[in-house]
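Colleague: I would like a close look at a single part of this model, beginning with its charged side chains and then moving on to what lies around them in the chain.

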Amino acid sequence: MLGAPMRIDRDAFLLLTAALAACHAQHADATHASAVPKASTAPAAIDPAKLCDELATANLAEADRAAGHCEGGQPGSYQLTGDVPTAHAAALYAAADGSFPCMSGSGGAWGMAASHFAISAPATESGPQCGWEAQVRVLYRSARGERFELPLHPRVDFGDPGELDFRGLFDFDGDGRSEALVMERPGGYGSCGPKSRLLLLQATATGIRDYPVGQSFTATVDADGDGRPDLVDDHYYASADPYGGLCGDATLYGPPLLLHSLPDGTFSLDDAVTRGWARAQCPTKPADPLENVPCARIWGATEAEIVDAATRASAGVPPQDVEYSLAIVRGFAVIAPPFKPLSIDTPPPLPKPKPKTP
């Protein structure tokens, strides 16, 4: 016997079908979402070389916006030199010829950013000269998109604007941002103006600052061939010349000392490498400490021994010459080496420089 026909509630059936379809759609969406990887929100790394290209383009655009006017000299005075179109062309040329340098390296780029170009004719020693000036900043940009700036003195087209030259990049502290070795010549007039100086600049979360070397330095060298730039202090041994010089007080200098770069980002004045460097400057102990006072100190002569030898050697010499010589000797003799004397434990020689590949 056939059973009685099943009665289906049409509205309830449609409601159940819709619910099942919705559940299936949610499951399919969830499965699809888990199968497709989400796009990364981290910014893509920037090619450091492109950072310099971008900076050059920006500097050129700023120079192209240079504006201003140049007034002529007063009657009876120097006449105006140059004109606005020539000054504008000079600004464009400066932006393209390396006057605002940039250097790219591992992790980012260092450069000079120029802005607010203006044309004017200030009074100079030879009269008013129509030229350009611009505000400049040392700029660091990392491949991660970080940007740090340090304002500098304005650069100008009249007088001596000075120069800033990036000598090399190296990540001394291992934070992924290269430090910049920068030679700065402040500029000025004549041979007695400010002297050039070597800087080591560091980009930190709070901006650009001098790297904490802990000791003055004047040059770089890779003394031990490990690929890390070491620093050199040519002015560690210094003694004033009582007779002075063309620009006032003069200074005499002894052999340079080494600041050895260590893997932890610090610099050492007292280890086998720095002592080996000193030995290269002073290979043997001077038989007479007065022949080379700094080298005598490096090899263990004391200040008292050196001054005593100088006093005995000056017997019979005119008093004015004695005081001149003793002043220089005392100036050097008072400076002790930053490491134990070489006579205690002569360090091995430094490794020979690797031949340069053609």
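Which side chain meets that of Arg144 in a salt bridge, and at what N to O distance?

Modeller: The partner is Glu146, whose side chain meets that of Arg144 at 3.0 Å, N to O, a salt bridge being a side-chain nitrogen of Lys or Arg within 4 Å of a carboxyl oxygen of Asp or Glu. Before going further, I should say that this is a predicted model, in which local features need pLDDT of at least 70 and side-chain atom pairs count only at pLDDT 80 or more, while totals for chains, interfaces and linings use all residues. Residues are numbered from 1 along each chain as its sequence is written, and side-chain values use heavy atoms, with hydrogens and water left out.

Glu146 also meets the side chain of Arg177 in a salt bridge, at 2.8 Å, N to O. Since Glu146 lies in the loop between β6 (131-142) and β7 (147-151) and Arg177 in the loop between β9 and β10, this pair ties together parts that are 31 residues apart in sequence; helices (H or I, at least four residues) and strands (E, at least two) are DSSP runs, numbered from the N terminus. Arg144, at 51% relative accessibility, counts as exposed, whereas Arg177, at 12%, counts as buried, where buried means under 20% relative accessible area, exposed over 50% and partly exposed in between, with a 1.4 Å probe and protein chains only. Elsewhere, Asp345 forms a salt bridge with Lys340, the closest N and O atoms being 3.9 Å apart. Returning to the pairs described above, salt bridges that share partners join Arg144, Glu146, Asp175 and Arg177 into one network.

The loop between β9 and β10 that holds Arg177 is also the place to look for aromatic rings. Rings of Phe, Tyr and Trp (its six-membered ring) pair if their centres lie within 6.5 Å, with planes under 30 degrees apart counted as stacked, over 60 as edge-to-face and the rest as tilted; by this rule the count comes to 10 aromatic pairs. One of them is the tilted pair of Phe172 and Tyr211, at 6.0 Å centre to centre and 50° between the planes. This pair links distant parts of the chain, 39 residues apart, with Phe172 in the loop between β9 (163-170) and β10 (179-185) and Tyr211 in the loop between β12 (207-210) and β13. Phe172 and Tyr211 are both buried. The rings of Phe172 and Phe267 have centres 5.5 Å apart and planes at 50°, so that pair is tilted. Because Phe267 lies in strand β18 (residues 267-268) and Phe172 in the loop between β9 and β10, the pair ties together parts that are 95 residues apart in sequence. Phe170, Phe172, Tyr211 and Phe267 form one aromatic cluster.

Arg228, in the loop between β13 (219-221) and β14 (230-233), has contacts that include Phe170 and Phe172, contact meaning heavy atoms within 4.5 Å. Arg228 is buried yet has no salt bridge, the nearest side chain of opposite charge, Asp226, being 5.0 Å away; in this comparison Lys and Arg count as positive and Asp and Glu as negative, while His and the chain ends are not counted.

Note on methods
Lists of a residue's contacts leave out its neighbours within four places in sequence.
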